[in-house]
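Biologist: I'm new to this one and would like to go through the labels people put on it. Could you show it to me first?

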Protein chains: 2
Amino acid sequence: MNLLDPLPDARSAERVEALLTRDGMRIERIVSHGQASPPDFWYDQAEGEWVVLLSGAAQLRFADESAPRLLAPGDWIDIAPHRRHRVDWTHPTAPTVWLAVFYR
Amino acid sequence: MNLLDPLPDARSAERVEALLTRDGMRIERIVSHGQASPPDFWYDQAEGEWVVLLSGAAQLRFADESAPRLLAPGDWIDIAPHRRHRVDWTHPTAPTVWLAVFYR
């Protein structure tokens, strides 16, 4: 199985697929295509999330930082539980592929 | 932080770096550069390992399969605890980057 090929068409909505689910952890592939979080929406997750951008580009914003972060392929970040964040932007004309590991 | 840039020089030995360690799980980046498992060596791990190849190329062999698997970028596999496997080959002239999630 391959993370990058084939890719689902995410132009109408983000596509999320669980690749592995085990007690206390879950690995997901998320494909975005131009989506962003709704205005004023912030993720506030009970789980930790380690996430890497594999292709495309995205802008991620944290409530506790003044400037958004621009993510390129290979960039990863560990998001602590309840650290508020949102996706400001994903590449409008190419798929953006994320690999996320959620953990308790 | 980026998984692909910079890369450590792994020509003399495989380079393993823990990116996240939490109770019952661990995320590692492994960089190979031509290494293979020693002859007749088999990994026999107590933990499960979900692993994706991010760049380069590798040949992975399972004791319970007759043919090795050739892995290309994006290829992922979930290796159950105690499923015996070995790395037959990694690309001799380019770095091979693995992202591995070990879990109990």
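Modeller: Start with H33(A): it sits in the loop between β2 (25-32) and β3 (48-55) of chain A. This is a predicted model, in which local features need pLDDT of at least 70, side-chain atom pairs count only at pLDDT 80 or more, and totals for chains, interfaces and linings use all residues. Residues are numbered from 1 along each chain as its sequence is written, chains are lettered from A and ligands numbered from 1 in the order in which they are written, and side-chain values use heavy atoms, with hydrogens and water left out.

Biologist: What makes β2 and β3 of chain A strands?

Modeller: Strands are DSSP runs of E, at least two residues long, while helices are runs of H or I of at least four; both are numbered from the N terminus. The runs 25-32 and 48-55 are the strands on either side of the loop that holds H33(A).

Biologist: Is H33(A) buried or exposed?

Modeller: Buried means under 20% relative accessible area, exposed over 50%, partly exposed in between (1.4 Å probe, protein chains only). H33(A) has 16%, so the word is buried. Among the residues in contact with H33(A), beyond four places in sequence, are R11(A), H91(A) and P95(A); contact means heavy atoms within 4.5 Å.

Biologist: And why is W76(B) called buried?

Modeller: Because its relative accessible area is 11%, under the cut-off. W76(B) lies in strand β6 of chain B and touches residues of both chains, including M1(A), L19(A) and W50(B).

Biologist: How do you know which relation links chain B and chain A?

Modeller: A 180° rotation with 0.0 Å of shift along its axis lays chain B on chain A, at RMSD 0.0 Å. That is the relation of a two-fold axis. The superposition is by least squares on the C-alpha atoms of residues with pLDDT of at least 70 in both copies.

Biologist: What makes D78(B) and R22(A) a salt bridge?

Modeller: The rule asks for a side-chain nitrogen of Lys or Arg within 4 Å of a carboxyl oxygen of Asp or Glu. In this pair the closest N and O atoms are 3.5 Å apart, so the label fits. The count between chain B and chain A is two salt bridges.

Biologist: How much area do the two chains bury between them?

Modeller: About 2,000 Å², 70% of it on carbon and sulfur atoms. M1(B), W50(B) and W76(B) supply 31% of what chain B buries against chain A, more than any other three residues. Buried area is the accessible area (1.4 Å probe) that two parts lose on being put together, summed over both.
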